[in-house]
Amino acid sequence: MADLGLNIPSLVVFLVNFTILLAILYLFAFKPILKLLDQRSERIRESLEAADSARQAATASEAKTQEQLNEARLEGQRLLEQARQIAEKFREDEMTKTRNEAEAFIERARQGIEQEKSEAIEEVKTHFAGLAIYAAERVIERSLDRESHKDLIGKVLSQESNVDKES
Amino acid sequence: MAKPLVMGIGLGIITLLVLGFIVGAIGQKFIESRTPISALSLDAPEIHLPAQAVYPADKREEAMQGHNLGFMGFAITNTMMSSFATTLVLILVLVLGARRKRLIPGRFQCFVELIVESLFNFVEGVSGKEMARRFFPVIATIFLFVMFNAWMGLLPFYPAWGFDPQAPDGGVYWASSQELDVKAASYDSHGIIHQEAVPIDGHDTHMSKVDLFRPAGTDINMPLALAIVAFVFVEFWGFKVLGIGYLSKFIRVRNLFRGPKYLFTALIDLFVGILETLSELIRVVSFTFRLFGNMLAGEILILVSAFLIPFIFSVPFYGLELLVGFIQAMIFAGLTVTFAAVAIAHHEE
């Protein structure tokens with residue numbers, strides 16, 4: 001075994017050497033480095049989480065804004081619709097009113113005209129009957145029963161006007 | 001274009017190969033005559049299994065004459081020197097890397113953290129999250145120590161610095177031209193490339209050089225020390241996690257008290273317990289000789305290849321040894337953590 005180089009003091013030296021190396025590396029290298037790595041991964045995790053929650057908050061607020069926007073748009077449309085309806089109604093009301101008034105006015109005018117006309121006809125009839133009687137009196141030179149003639153003439157005239165109307 | 005550059009490099013490599021072939025041991029055997037460039041050739045490597053004493057000087061003198069330290073003799077050996085150097089370098093690199101604890105690391109800190117983190121992930125992968133913290137320092141130190149020992153052994157000053165009994169000033173050489181002069185002088189008087197005895201001061205014995213550094217893995221004491229460390233820690237963790245119940249893996253007597261029906265099973269159990277105990281102990285031996293054999297073989301391979309054909313021929317072997325150093329470190333650390341993981345596993349009830 002000594003030919004292989006087995007040597008107890010060397011073995012002890014190597015053992016001590018390794019132990020010292022292990023102790024120093026553990027205390028001054030591995031421990032702080034692992035701690036630092038842990039800290040860093042913790043930090044990264046936190047940052048990622050913070051970024052995540054920020055993103056979520058942003059998404060939420062965006063959604064809220066969108067919702068509000070939609071609401072406002074709907075409200076606007078509703079108001080517009082309402083206004084249009086009111087305007088429509090107002091317009092229709094006004095039109096109806098105007099039409100009614102116009103019709104009433106026309107009706108009144110027509111009635112007036114009708115009345116004027118019948119008055120005028122009446123008057124013409126009256127005058128015409130008197131005139132005819134007068135003419136007949138003059139022709140036959142005698143006084144006729146004024147009233148019965150008047151009736152006769154009225155009949156004739158109304159027949160005339162009926163004939164006029166039919167033609 | 002880069003073509004002339006490539007051609008130049010290729011030409012340089014071929015020139016070095018040819019030159020190496022001429023001045024190397026093979027070429028010199030063929031040529032058999034001294035030329036000035038013969039001075040570039042290397043001495044035949046001397047392979048010593050035991051480490052050589054470097055300090056104190058009288059022990060070194062004995063080592064030059066080929067005496068080993070034996071079982072109990074104490075001296076600072078060249079393998080210890082390189083082990084100290086490795087320790088120093090490791091401490092410098094890692095502690096300096098850990099000194100500035102910045103959350104956003106610089107390049108050097110990044111590099112050190114990369115080493116530590118990959119090792120930690122390796123340990124975690126084998127042993128699981130809980131135990132990784134406990135195992136990691138030992139496993140990582142074993143890995144780094146083995147690998148840096150192997151890699152630093154490839155540095156040129158390892159075989160170049162040392163003590164030469166033939167040098168004029170008491171034998172210190174620092175890979176200088178002085179060494180080459182000495183060699184050239186000895187060629188004049190002997191006429192052959194050689195590793196023959198040179199009589200100095202009336203001694204007729206062969207005196208060998210003693211390198212100042214020699215890769216620690218090539219000294220069986222270093223792998224043995226690591227194997228013992230691994231063994232101790234594995235058993236320690238076993239007891240720490242399983243308590244006294246850890247022993248039931250080795251002393252299996254439960255079936256002995258269950259009546260005659262179980263006698264056969266009990267005997268098998270006893271035998272398995274003995275096997276477990278033996279395998280635990282034999283592990284130390286296999287750990288030791290695996291690392292020792294690989295490191296020594298690598299060292300010899302490089303020395304011999306550089307001796308036969310110097311300069312460029314040994315470069316691929318350097319690459320190979322880089323790989324071997326890494327793999328051996330991986331194996332040593334990996335097996336240790338695997339055994340540890342097995343030791344803390346709750347075995348059959």
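Student: Is E75(A) buried, partly exposed or exposed?
Tutor: This is a predicted model, and the answer for E75(A) rests on its relative accessible area, 37%. Buried would need under 20% and exposed over 50%. E75(A) is therefore partly exposed.

Student: Which residue forms a salt bridge with E75(A)?
Tutor: The partner lies with E75(A) in helix α1 (residues 8-140) of chain A, 3 residues apart, about one turn of the helix. An α-helix has 3.6 residues a turn, so residues three or four places apart point the same way. The partner is partly exposed, with a relative accessible area of 45%. The closest N and O atoms are 2.9 Å apart, and the residue is R78(A).

Student: What is the N to O distance in the salt bridge of E81(A) and R84(A)?
Tutor: Both residues lie in helix α1 of chain A, 3 residues apart. E81(A) is partly exposed at 33% relative accessible area, and R84(A) counts as exposed at 51%. Their side chains meet with an N to O distance of 2.8 Å.

Student: Which residue forms a salt bridge with R110(A)?
Tutor: R110(A) is partly exposed, with a relative accessible area of 45%. Its partner is 3 residues apart from it in helix α1 of chain A, so the two are separated by about one helical turn. The closest N and O atoms are 3.1 Å apart, and the partner is E107(A).

Student: How many salt bridges does the structure hold over all chains?
Tutor: Side chains of opposite charge can pair when their charged atoms come close. In chain A, E42(A), R45(A) and E49(A) are linked in a network of such bridges. Over all chains, the number of salt bridges is 14.

Student: Which side chain of opposite charge is nearest to R60(B), and how far away is it?
Tutor: R60(B) is in helix α3 (residues 57-64) of chain B. The residue is buried yet has no salt bridge. A salt bridge needs nitrogen and oxygen within 4 Å. The nearest side chain of opposite charge is E61(B), at 6.1 Å.

Student: Which residues does R60(B) touch, not counting residues up to four places away in sequence?
Tutor: The count leaves out residues up to four places away in sequence. With those set aside, R60(B) touches A53(B), V54(B), Y55(B), F163(B) and V210(B).

Student: Which residue does a cis peptide bond join to Y55(B)?
Tutor: Most residues other than glycine have a negative phi, and most peptide bonds are trans. Here omega is about -5 degrees, and the bond is cis. The partner lies in the loop between β1 (53-55) and α3 of chain B. That residue is P56(B).

Student: At which residue does helix α5 of chain B bend by about 125 degrees?
Tutor: Helix α5 (residues 107-152) has 46 residues, and a straight helix of that length would span 68 Å. Between its end C-alpha atoms, α5 of chain B spans only 22 Å. The bend of about 125 degrees is at G128(B).

Student: What share of the residues in chain B is buried?
Tutor: Chain B has 10 helices and 5 strands. The chain exposes about 18,000 Å², of which carbon and sulfur atoms supply 72%. Among its 349 residues, the buried share is 42%.

Definitions and conventions:
Residues are numbered from 1 along each chain as its sequence is written. Chains are lettered from A and ligands numbered from 1 in the order in which they are written. This is a predicted model: local features need pLDDT of at least 70, side-chain atom pairs count only at pLDDT 80 or more; totals for chains, interfaces and linings use all residues. Side-chain values use heavy atoms; hydrogens and water are left out. Helices (H or I, at least four residues) and strands (E, at least two) are DSSP runs, numbered from the N terminus. The expected span of a helix is 1.5 Å times one less than its number of residues. The bend at a residue is the angle between axes fitted to the seven residues ending there and the seven starting there. Buried means under 20% relative accessible area, exposed over 50%, partly exposed in between (1.4 Å probe, protein chains only). Lys and Arg count as positive and Asp and Glu as negative; His and the chain ends are not counted. Contact means heavy atoms within 4.5 Å. Accessible areas come from the Shrake-Rupley method with a 1.4 Å probe; for residues, only the protein chains shown count as cover.
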